Amino acid sequence: MKIAAVIVDVPSRQTDRPFDYKIPEKWEDVLQIGMRVVVPFGTRRLQGFVVDIKTYSDVKSLKAIEAILDVAPVLNEELLRLGQYLTETTLCFAISAYQAMLPAAMKAKYEKEIRLVDEKYRDRLHPNVQPFFSNRSAVSWKELENTNVLSRLQKDVQNGYLEVIYHLKDKAAKKTIKYVAFSVPEEQRKKAIESLPANAVKQKQLLELLLFNEHLPLKEVLERSGASHASVKTLIQKGIICEYEVEAYRDPYGQHHFAATQPLMLTEEQQQALEPIVNSIKENEHQVFLLYGVTGSGKTEVYMQAIEAVLKQGKEAIVLVPEISLTPQMVERFKGRFGSQVAVLHSGLSIGEKYDEWRKIHRKEVKLVVGARSAIFAPFENLGMIIIDEEHESSYKQEETPRYHARDVAIYRARFHQCPVVLGSATPSLESFARAKKGVYQLLTLTKRMSENGLPAVSIIDMREELRSGNRSMFSRTLFEKLRERLDKGEQSVLFLNRRGYSTFVMCRDCGHVIRCAHCDISLTYHRVQQRLKCHYCGHEEPLAYSCPSCGSEHIRFFGTGTQKVEEELTKLLPQARVIRMDVDTTSRKGAHERILSEFGAGKADILLGTQMIAKGLDFPKVTLVGVLSADTMLHLPDFRACEKTFQLLTQVSGRAGRHELPGEVVIQTYTPEHYSIELAARHDYEAFYQKEMALRRFHGYPPFYYLTLITVSHPELIKAVSVTEKIAGYLRAQLSKEAIILGPVASPIARLHDRYRYQCMIKYKREANFTKILKNVVDRYQQEMSQGELLITIDTNPYMMM
DNA sequence: AGCACGCCGACT
DNA sequence: GTCGGCGTGCTC
């Protein structure tokens with residue numbers, strides 16, 4: 001007898017292990033490791049992943065597998081092992097790891113229904129239950145769960161009148177296209193057309209069309225023949241033609257035509273960067289390269305020529321880009337060069353579209369994937385290279401379980417496939433640059449910009465000076481002048497507002513009271529259009545207050561600046577300017593992002609005003625001015641990476657100006673012009689920033705000198721949150737080595753969220769023998785309280801968000 | 001997670 | 001004596 005070990009779809013500590021099932025004889029040769037199956041689990045039916053097939057089990061009475069969901073394994077040996085690696089390093093459940101590797105469409109949906117076992121029991125049902133079954137034999141649980149007949153229902157189930165049926169739905173609906181074709185043999189077709197009634201003109205036209213084609217999509221036939229669906233129906237009824245469905249891919253870029261491009265001549269620098277990568281591809285040698293190239297130095301061309309080398313070897317490649325820069329521009333470059341060999345995966349696609357792209361990879365119909373974070377799990381079996389563009393971006397870290405970093409996964413997979421990883425950035429993360437300096441990664445450098453102009457000139461404007469000299473506007477005189485210049489010359493400008501931590505909060509000028517969310521320790525944000533105050537974390541809203549809830553004063557004011565407010569002031573100051581605003585509000589609709597950018601690219605506006613999202617990847621020849629309205633808003637976030645992020649952002653933003661013939665200029669407005677992040681970004685001096693920041697990291701004991709782990713404990717009661725965090729910290733102090741530093745318990749920077757108090761404990765360590773084991777003990781200790789009570793403990797073994 | 005089982009107080 | 005509440009422990 002063959003037995004399958006199955007990981008079931010229950011994300012909990014207790015079920016986080018394989019369960020054994022009998023493999024029915026008829027499937028012994030069909031079932032393979034890595035396939036999804038349906039198994040009985042307790043009273044339920046669940047989806048699961050086969051992780052092992054064996055001949056022996058310790059369990060006496062095994063249940064049998066009920067169904068197989070795949071014709072071929074969806075997880076290969078490598079991905080199964082990668083799942084284990086994720087489980088161990090991020091402390092997640094195996095099921096969560098496996099689900100993260102597959103498109104959402106393949107995750108099961110469960111529906112319960114109550115069915116009448118037999119018509120003869122209908123009269124015996126409890127009188128209160130009967131009405132639900134009056135005209136049908138099954139009722140969905142959804143309809144019943146909020147009624148008051150639940151206990152009666154239970155009785156009837158016990159009596160055997162009713163039964164509970166568990167439906168398992170695959171969301172992975174495949175798209176099909178209807179085709180029509182002749183159903184009569186070829187030699188009879190002409191005759192069939194002739195024998196049609198004389199008035200069946202449309203039918204005749206339709207058939208004539210089919211004479212020259214083996215089969216045609218129904219839609220096309222209808223369009224070209226002008227016939228209606230009725231004609232098709234009659235022809236089918238007459239037995240002349242037939243209709244059938246063919247599985248089809250949704251093609252998100254179906255309408256789009258991509259101009260083919262050829263490899264460009266490389267500069268000497270690019271050539272020198274490319275060579276070691278290509279060597280490592282050819283030699284099947286695992287190596288991590290850090291491609292450090294200033295903005296506009298042509299990293300993408302290096303990527304593409306390296307990919308060509310991979311394809312030449314008959315292998316596959318993954319290119320990761322940050323979600324935010326997965327713009328049509330980027331997609332176009334890859335589709336243009338590699339055509340139909342590319343699959344694209346990003347959050348803008350529907351669940352079905354993502355599933356189709358995934359299947360193209362799985363069926364080996366494509367050789368290259370360009371995608372955001374989760375594309376790192378692309379089920380290639382012959383990986384030749386992994387590229388991570390904008391390597392420093394924090395979006396490569398997933399902030400939900402499994403809390404993996406795509407960079408780590410990339411290195412794991414590349415080691416398995418013995419192939420190179422290329423990390424590219426103009427502002428590498430300190431972690432990566434430090435590793436490159438140590439020789440763990442191989443450093444490749446591009447110092448020259450492709451355009452003649454070199455890097456743009458940056459001026460820093462001290463906004464305190466502006467205020468002192470009486471300018472209360474959010475535009476410094478310099479920035480205003482330069483904006484007007486561009487307008488006169490017909491050139492474009494980009495204005496960048498970093499909204500994080502800079503949203504419009506409401507404060508009383510008399511007593512200083514700030515209106516906060518009733519459920520979270522967060523100040524409420526003023527939304528001008530709706531005249532309401534909203535919490536950005538939990539969604540709580542309330543009407544705008546006109547007097548201070550604390551002291552009653554009417555001197556209550558809005559502080560901070562949103563893009564809307566900037567836009568208003570801008571149109572007041574420069575009424576002739578055409579402004580496009582790009583933020584969450586204007587880009588929430590699908591495709592809006594793309595539309596705004598193409599309008600701006602086509603010169604339909606003079607100024608593009610936006611948040612974070614405009615910092616990445618834009619490349620417009622006519623942009624000669626970039627303004628940063630307030631550079632230091634991000635600097636003061638409670639995050640040890642705040643300075644690094646500020647530096648990276650300013651450098652990225654500055655890189656948007658003057659990428660082509662026209663020279664660029666950058667204006668940075670700040671209240672702390674002396675800060676090294678701002679000064680050094682203005683001087684484009686990454687190296688100096690690296691040295692300075694490394695010294696600080698060393699001094700304060702942060703990465704890359706220490707590893708970090710953040711434990712966050714939340715509970716509706718403050719005392720409980722504190723005491724649990726205290727106990728955990730105590731346990732860790734006792735268990736970990738003397739070198740480990742345990743900070744806390746301290747209140748989380750967001751001390752209350754969704755009516756829950758949040759406390760945290762930060763661990764800094766260099767090497768700990770049993771680190772994950774000790775952390776697992778912590779989780780195990782509080783397992784019951786977490787599953788039954790209100791306690792929640794999250795552990796992040798490589799935190800990027802300290803809140 | 002979700003379900004059954006079992007023990008307890010409150011009601012017919 | 002039964003109904004329905006919630007705490008406990010299991011699911012191959």
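This report describes selected helices, internal spaces and backbone features of a predicted model.

## Helix α23

Helix α23 runs over residues 718-735. At 1.5 Å a residue, its 18 residues should span 26 Å, and the C-alpha atoms at its ends are 26 Å apart, so the expected and modelled spans agree.

Six residues of α23 are buried: A721, V724, T725, I728, A729 and L732. They cover an arc of only 135° around the axis, and therefore they lie on the same side of the helix. I719 and A734, on the other side of α23, are exposed. The partners against which the buried residues of α23 pack are the strands β30 (707-715), β31 (741-753), β32 (756-765) and β33 (792-796), together with helix α24 (771-781).

## Helix α14

Helix α14 comprises residues 430-438, and its buried residues are L430, E431, S432, F433, A434 and A436. The elements that cover these buried residues include the strands β12 (288-293), β17 (421-425) and β18 (442-446). Helices also contribute to this cover, among them α13 (406-417), α20 and α22 (686-700). After α14 comes G439, which has a positive phi near 90°.

## The second largest pocket

The second largest pocket holds about 1,200 Å³ of space. Its lining consists of 43 residues, and those nearest the centre of the pocket are D408, E431, R435, Y707 and N798. One of these, E431, is also listed among the buried residues of α14.

Which elements each supply at least two residues of this lining? They are the helices α1 (77-90), α13, α14, α22 and α24, and the strand β30. Helix α13 gives the largest share, with six residues. By class, the lining has 22 nonpolar, eight polar and 13 charged residues.

## The second largest cavity

The model contains three cavities of 30 Å³ or more. The second largest cavity encloses about 40 Å³ of space. Its lining is formed by F496, N498, V628, S630, A631, M634, T646, L649 and L650. Of these lining residues, six are nonpolar, three are polar and none is charged. Helix α20 (residues 642-654) provides the largest share of the lining, namely three residues.

## Cis peptide bonds

A cis peptide bond joins T401 to P402, with omega near -10°. P402 is placed in the loop between β16 (383-388) and α13. Another cis peptide bond leads from P703 to P704, where omega is near 5°. The loop that holds P704 connects α22 and β30.

## Positive phi outside glycine

L91 is not a glycine, yet its phi is positive, at about 60°. This residue is found in the loop between α1 and α2 (94-101). Is L91 buried or exposed? Buried means under 20% relative accessible area. L91 has a relative accessible area of 18%, and is therefore buried.

D755 is likewise a residue other than glycine with a positive phi, in this case near 65°. D755 lies in the loop between β31 and β32. Its relative accessible area is 37%, so D755 is partly exposed.

## R516 and its distance from N798

R516 belongs to the loop between β21 (505-508) and β22 (525-527). With a relative accessible area of 44%, R516 is partly exposed. How far apart are the C-alpha atoms of R516 and N798? They are separated by 30 Å, while the two residues are 282 residues apart along the chain. N798 is one of the residues nearest the centre of the second largest pocket.

Methods:
Residues numbered from 1 in each chain as written. Chains lettered and ligands numbered in written order. Predicted model: local features only at pLDDT ≥ 70, side-chain atom pairs only at ≥ 80, totals over all residues. Heavy atoms only, no water. 1 Å grid on protein atoms, 1.4 Å probe; cavity = no way out; pocket = protein on both sides within 12 Å on 5 of 7 lines; lining within 4 Å. Points joined across faces, edges and corners; volume = space filled by probe spheres on them. Helix = DSSP H or I, 4+ residues; strand = E, 2+ residues; numbered from the N terminus. Nonpolar A, V, L, I, M, F, W, Y, C, P; charged D, E, K, R; others polar. Expected span 1.5 Å × (residues − 1). Buried < 20%, exposed > 50% of the residue type's maximum accessible area, 1.4 Å probe, protein only. Arc of directions from axis to C-beta. Contact = heavy atoms within 4.5 Å.
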